Amino acid sequence: MTQSSFAIEARRLQKTYAASGKSPEKQALKGLDLAIPKGSIFGLLGPNGAGKSTFINILAGLVIKTAGEVRIWDIDIDKDHRAAKAAIGIVPQEISFDAFFTPFETLELQAGFYGVPPKERRSMELLDAVGLADKRDTYSRQLSGGMKRRLLIAKALVHTPPVVILDEPTAGVDVELRRSLWEYITMLNKERGVTVVLTTHYLEEAQELCDNIAIIDQGRLIACEP
Ligand SMILES: Nc1ncnc2c1ncn2[C@@H]1O[C@H](COP(=O)(O)OP(=O)(O)OP(=O)(O)O)[C@@H](O)[C@H]1O
Ligand SMILES: [Mg+2]
């Protein structure tokens with residue numbers, strides 16, 4: 001298999017959500033073409049309902065695409081979704097994890113899911129990076145909204161994936177922590193070569209962090225520029 005220079009490639013990607021109850025069917029992605037270069041910090045922008053999370057959830061395997069092709073780290077998700085999934089860490093827009101585990105346990109458990117041997121786990125380093133070291137043994141349900149989001153970021157990184165995808169990573173995170181998350185994301189990219197894809201509604205965030213930006217509107221790519 002030849003290695004491309006893209007971390008993620010979508011070709012003619014379509015998603016139509018089926019009608020349910022009173023809501024008619026919804027074409028959320030209408031033939032999206034997008035190629036995200038390896039090594040970039042790539043920003044996905046667009047208004048509410050543009051299709052950003054739909055795209056990310058397809059990458060995560062949470063939403064089944066209607067048509068088109070997706071390759072993650074040169075792996076076609078239709079051919080080997082498991083391997084494709086192992087190449088990415090995803091921070092979903094919706095907060096969801098088991099509230100009865102502590103942050104430390106949450107990370108250890110996730111590492112276990114991905115088969116990371118105990119010696120290679122970095123749970124404390126990750127908690128430190130997201131500013132939760134002092135919460136390591138608190139029940140996760142007792143964390144504030146911003147802290148939960150930070151824990152989700154740490155959780156996405158336990159298996160050291162080459163691509164990290166963050167769906168609105170700093171929504172609800174306070175200004176100071178937003179800065180420190182930006183620093184951590186930049187460090188991952190510059191020092192460890194991790195490709196980062198993030199969606200945001202903060203133009204300042206896109207400007208500060210991203211080297212490439214794509215704008216999606218109504219399920220289509222309308223701009224993609226350095
Ligand atoms: N599970 C679903 N069932 C039906 N329609 C959905 C579903 N999820 C999303 N949609 C619709 O698909 C469209 C795209 O939604 P999506 O969540 O991808 O947008 P987004 O760009 O992430 O928006 P936001 O900036 O608000 O997060 C919207 O019209 C939304 O209502
Ligand atoms: Mg979204």
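What follows is a short chat about a predicted model.

Biologist: How many residues of H5 are buried, out of its 12?
Modeller: Helix H5 covers residues 145-156 and reaches 17 Å from its first C-alpha to its last, close to the 16 Å expected at 1.5 Å a residue. Its buried residues include Gly-146, Arg-149, Leu-151 and Ile-153. The rest of the structure largely encloses the helix, because the buried count is 9 of the 12.

Biologist: And what covers those buried residues of H5?
Modeller: Buried here takes in charged names as well as nonpolar ones, with Arg-150, Lys-155 and Leu-152 among them. The cover includes two strands and three helices, namely E6 (88-91), E7 (163-167), H3, H4 (123-129) and H6 (175-192).

Biologist: How many disulfides does a search of the whole structure find?
Modeller: Take Cys-210, which is buried at 13% relative accessible area. The closest cysteine sulfur to its own is in Cys-224, 11 Å away, and that is too far for a bond, since a disulfide needs the sulfurs within 2.5 Å. Cys-224 is in no disulfide either, and the search of the whole structure comes back with 0.

Biologist: Is Cys-224 buried or partly exposed?
Modeller: The cut-off for buried is under 20% relative accessible area, with exposed starting over 50%. Cys-224 has 36%, so it falls in between and counts as partly exposed.

Biologist: Which residues make the nonpolar surface patch of about 320 Å²?
Modeller: Start with Leu-109, which sits in helix H3 (residues 103-113). It is partly exposed at 39% relative accessibility, and a patch residue needs over 30%. The patch is made by Leu-109, Phe-113 and Tyr-114.

Biologist: How far apart in space are Gln-142 and Thr-102, C-alpha to C-alpha?
Modeller: Gln-142 lies in the loop between H4 and H5 and is exposed, with a relative accessible area of 52%. In sequence, 40 residues separate it from Thr-102, but in space the C-alpha to C-alpha distance is 9.3 Å.

Biologist: What is phi of Trp-73 near?
Modeller: Trp-73 is in the loop between strand E4 (67-72) and strand E5 (75-76). It is partly exposed, with 24% relative accessible area. Its phi is positive, in a residue other than glycine, and is near 50 degrees.

Biologist: Which loop holds Thr-160?
Modeller: Thr-160 is not a glycine, yet it has a positive phi of about 50 degrees. Its place is in the loop between H5 and E7.

Conventions. Residues are numbered from 1 along each chain as its sequence is written. Chains are lettered from A and ligands numbered from 1 in the order in which they are written. This is a predicted model: local features need pLDDT of at least 70, side-chain atom pairs count only at pLDDT 80 or more; totals for chains, interfaces and linings use all residues. Side-chain values use heavy atoms; hydrogens and water are left out. Patches are made of residues with over 30% relative accessible area and no salt bridge: like charges are joined within 9 Å, nonpolar side chains (Val, Leu, Ile, Met, Phe, Trp, Tyr) within 5 Å. Accessible areas come from the Shrake-Rupley method with a 1.4 Å probe; for residues, only the protein chains shown count as cover. A salt bridge is a side-chain nitrogen of Lys or Arg within 4 Å of a carboxyl oxygen of Asp or Glu. Helices (H or I, at least four residues) and strands (E, at least two) are DSSP runs, numbered from the N terminus. Buried means under 20% relative accessible area, exposed over 50%, partly exposed in between (1.4 Å probe, protein chains only). The expected span of a helix is 1.5 Å times one less than its number of residues. Contact means heavy atoms within 4.5 Å.
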